[in-house]
Amino acid sequence: MNLLSDSDLAALRSWIGRATGVRGEDYRSTFLERRLTPRLRATGCPDAASYLAYLEDHRGEARTLAQKLLVPTTELFRNPEVFAVLRSALRERAGLPGWASIRAMSAPCSTGEEAVSLAILLSEMGLDGRILAGDRSRRALHGLRRGRFAVKSLAKLDNRLRERYFREEVAEARVVPAVADRILPLCCDLTRGFPGRGLHVFLLRNLFIYLTEEAQERLLGRAVQALVPGGLLVLGRAESIGRKRVEGLAAVDAGCKVYAKAWGGA
Ligand SMILES: C[S@@+](CC[C@H](N)C(=O)[O-])C[C@H]1O[C@@H](n2cnc3c(N)ncnc32)[C@H](O)[C@@H]1O
């Protein structure tokens, strides 16, 4: 049974646009329902219409809902097998004309661990390269701008990498300048367009799961345009290009959701 009527959904999508700046109409209704239901319970609002009215007078709740809708969760080397596939695809391409310096984008990057993981991978491989790290949440980007992460976020990281790339203080770990200097954080709405062009690597993980089929298709087309020929596109493990017809994109590792743009592509 649908909790939200069409008019509730339209009102929520319009609120999302005003509150967060992203295109509310691009988010799946099932995702919006899943995020809204616990907030109705938490605030004691009997239905979506009264909750939306409640938001107008309760800034704290509006911030909480915006945060819940953006889902700023991530981790260092999330799905390590994906980074292994990326490493071997980059190894094959290193040394080819146009691949001397890697232009990469991690978007959405959330709090930045994905961009840091890629910067570490490039350093480990001895590759030159820069990473644009884009997300709509300024709050999520704040830690990345400071180059600082909670020490607990390093828990699963291999000890050698941990010692080499982080300086641990009391509760925070500072990423070393050799990694931080490769990353440019940027606040942007990805549903309106991608900030990067001429990309060799595009980590576009865990955004499509929230979006409608139409929005996914539009973004996928733009992602392919943003890649150089042979450029690598990485989606989240729960996402795929599925039945969407994408000209000139082939699987490098379908299980890991790593794809490459055709070498002849424009
Ligand atoms: C689950 S995180 C994904 C982080 C990382 N890519 C990963 O897979 O670990 C989702 C992120 O998407 C961001 N986001 C959601 N919609 C967005 C939009 N329209 N534009 C930019 N960022 C968006 C959120 O702020 C959140 O940080």
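What volume does the largest pocket have? We will get there in a moment, after a look at the whole chain.

This is a predicted model, in which local features need pLDDT of at least 70 and side-chain atom pairs count only at pLDDT 80 or more, while totals for chains, interfaces and linings use all residues. Residues are numbered from 1 along each chain as its sequence is written, and side-chain values use heavy atoms, with hydrogens and water left out.

**Whole chain.** Start with the cartoon: you should find 10 helices and 10 strands, taken as DSSP runs (helices H or I, at least four residues; strands E, at least two) numbered from the N terminus. Switch to the C-alpha trace, which spans about 60 × 50 × 25 Å along its principal axes. The radius of gyration is 20 Å, which agrees with the value near 18 Å for a compact globule of 266 residues; it is taken over C-alpha atoms, and the globule rule is 2.2 Å times the number of residues to the power 0.38.

**Two domains.** Next, colour domain 1 (6–69) and domain 2 (80–261), bounds that come from an automatic or database domain assignment. Their C-alpha centres lie 29 Å apart. Where they touch, select 10 residues from domain 1 and 14 from domain 2, with contact meaning heavy atoms within 4.5 Å.

**Largest pocket.** Now for the opening question: the volume is about 500 Å³. A pocket here is an open set of points on a 1 Å grid over the protein atoms alone, where a 1.4 Å probe fits, with protein on both sides within 12 Å along at least five of seven lines; lining residues have an atom within 4 Å of a point. The volume is the space filled by probe spheres set on the points, which are joined across faces, edges and corners. Select Thr74, Glu75, Leu76, Glu113 and Ser153, the closest to the centre among the 23 lining residues. Then add α7 (138–146) and β3 (148–150), the elements that give two or more residues to this lining.

**Second largest pocket.** Move on to a space of about 400 Å³. Of its 15 lining residues, Ala19, Thr20, Arg63, Ala66 and Leu70 lie nearest the centre. Show α1 (6–20), α4 (59–70) and α7, which each give two or more residues; α4 gives the most, with 6. Keep your domain colours on: this lining draws at least three residues from each of domain 1 and domain 2.
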